[in-house]
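Thank you all for coming; please bring up the sequence and the structure side by side, and I will walk through a few places in turn.

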Amino acid sequence: MFAMSLMACSSGQAPLAEAIADHGGRIERVEPLSWWVGMNTPLQLMVHGEDIASYEVALSGDKQGLKIKQVHQADSPNYLFIDLEVSPSAETGTHYLIFSREGEEPFKLPYEIEARKAGSRERESFTTADMIYLLMPDRFANGSVENDGSEAMKEQPARDEFFGRHGGDLQGMIDHLDYIASVGATAIWSTPLLVDDEPAQSYHGYACGDYYHIDPRYGSNELFRTYVEECHKRGLKVIMDIVTNHCGISHWWMKDLPFKDWVHTFPEFTRTTNIFSTNMDPNASKFDRTIHESGWFDFSMPDMNLDNPYLLQYFKQWAVWWAEWSGLDGFRVDTYPYNEKEPMSEWCKAVMAEYPNFNIVGECWTPSIPQLAYWQGGNANKDGFDSHLPSIMDFPLHDAIRAALPTDSLRWGEGMIRVYDVLSHDFVYHDLSKMMIFTGNHDTERIGDMLRKNPARAKIAMAMLATMRGIPQLFYGEELMLTSADMRFGHGGLRVDMPGGWPGDEVNCFTEEGRQGLHKEMFDFTQRLFQWRKTKPVIHHGKTMHFADRGNTYAYFRYDDTDAVFVYINNSRGKKQIPWSHYAEIAEGLKEGRNVLTGEPVEINDQTTVGAREVLVVEFKR
């Protein structure tokens, strides 16, 4: 296999690329779909077509600035991997790859090289100044009933089924961006929108069938770009949920893998062990680590082999392509510790090299604080490993909040002391500003379920989310205290439809007049907190000082040189007096403050009381 340069035809004749026939469907796919001048990430095209490996590849000479560095064959004869060098002075527009073999007329493949938008490399990502609103597109809002089903897809709509597709889509998300912004959100993370063509439970999107296309039941690539633009008009950042650990068994390449080791295979189905500790355990066996990182997540989710350099490069430029093409602002990486850790470290490093101000948050689902800290980039790990992953999801804090709030217990070690204990381990983490905090998400029971639909305790949860260190993430419907439709159905029951997102819904919580009773009470409370939070740098960047108590209460301050915010949580069944004098080391000099929840002035002393299952949030000037 070799590459040569073909020059344009002589003056007065059409350029060679125009004189050669189009590929006429002989090439089924080329990925990435396009590229740009001035990118840091090397470009390697994956070309898929019948017997394409038997062809020689060249570039037409009618445009300058591209060079074929090398062409690689795969195990399958139906793939070529082409290393293209795009010079900083490359001409933008349509370039042509020319495919030829003896005895046949050559054919051409067009490929677009575009100019980058100004400031693309320097784009800002999500930070502690943001509140992230997490939604599941299929369950949020149905903006277009015309795309509920697709003849090209295996699964059709079934809104009455817990695990069926309900019809939510990108247009529904666009239609309700003003609502999301009104809650106080400044960023949106939606679960995956890419093609998931599994015959059942495809609504969740985590079994990808095509990494470069939006699922037609959600919309199109162009509509996704419109969604990003509409978000930005409203001051909302966009976080894309991506999965590098596994694809779907219905992914198009599963019928014809490029390389035999493209996915991990075993003599018989082998599931991952979920034992994250094998990544950092000095006593772990190679056998256990191999099963953990190579075993399949589920029968329908083949495990990708990131040790294959072509696959790793595929995923690097795939992530960069979506960021550059759509203008999105960050990534959330699913099932992060299931990936081979060294290639994923390289992946993170590559994305951050392209976008130095980007943020990537990894789902590292572990209750172990040291194991969680291990995954954050820059952490001083004893084995010398650096993930280069900027942010991590704080599952230990999530677990502590959900264990603490439902109980009235005054026993030591139960109730709010659980939260105190988790935050007392903050010394373990490399960067507290790069931690996503949350009380629930699409994989956990809803916080309203955990709190047995108690609005007082739900308000405490929202107050903690709005005032603690880190980047808060709110799961759609928490602002209304939605609860599961039927907890016996697990994920299918908790991933409920947003009231008002479908034509004919009797209740419409997207509108002020449609929110009544508990929905209105919780929305107003949550909105007040998070709209206030947007204006408080002391919450975004301040330090934390907290105080232990045996009475199922918890007190903490967020503070900097000029401001302080005091939070007192009484999670017990009786009213409590605030031991203000115990806080003298920070409270001395704090006179009149403002009750954030009521707007009223307040001065706190040892006689100030807080009612049962109530939270007090007061802001002061220092």
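Let me begin with a definition, namely that two strands are said to pair if DSSP finds at least two bridges between them. Please also keep in mind that what we are looking at is a predicted model.

With that in hand, look at strand S19, residues 435-438, which runs parallel to strand S18, residues 391-393, and is joined to S18 by two bridges. Within that pairing, Met393 has Met436 of S19 as its bridge partner. S19 also pairs with strand S20, residues 471-475, again in the parallel sense, over three bridges, and here Ile437 is matched with Pro472 of S20. Are the faces of S19 covered or open? Both faces are covered, since Met435 and Ile437 on one side, and Met436 and Phe438 on the other, are all buried.

Next comes helix H7, residues 309-326, whose 18 residues reach 26 Å from the first C-alpha to the last, close to the 26 Å expected at 1.5 Å a residue. Of these 18 residues, 17 are buried, which leaves H7 mostly covered. At the N-terminal end of H7, Asn308 acts as a cap, with a side-chain oxygen 2.9 Å from the backbone nitrogen of Tyr310, while after the helix comes Gly327, whose phi is positive, near 85 degrees.

Finally, turn to His246, in the loop between strand S15 (237-242) and helix H6 (286-294). Its relative accessible area is 1%, and because buried means under 20%, His246 counts as buried. Its side chain makes a polar contact of 2.9 Å with that of Asn245, and, leaving aside neighbours within four places in sequence, His246 is in contact with residues including Tyr206, Phe297 and Asp334.

Definitions and conventions:
Residues are numbered from 1 along each chain as its sequence is written. This is a predicted model: local features need pLDDT of at least 70, side-chain atom pairs count only at pLDDT 80 or more; totals for chains, interfaces and linings use all residues. Side-chain values use heavy atoms; hydrogens and water are left out. Helices (H or I, at least four residues) and strands (E, at least two) are DSSP runs, numbered from the N terminus. Buried means under 20% relative accessible area, exposed over 50%, partly exposed in between (1.4 Å probe, protein chains only). A polar contact is a pair of N or O atoms within 3.5 Å; within protein, one must be able to donate a hydrogen and the other to accept it, and residues adjacent in sequence count only if both atoms are side-chain atoms. Contact means heavy atoms within 4.5 Å. The expected span of a helix is 1.5 Å times one less than its number of residues.
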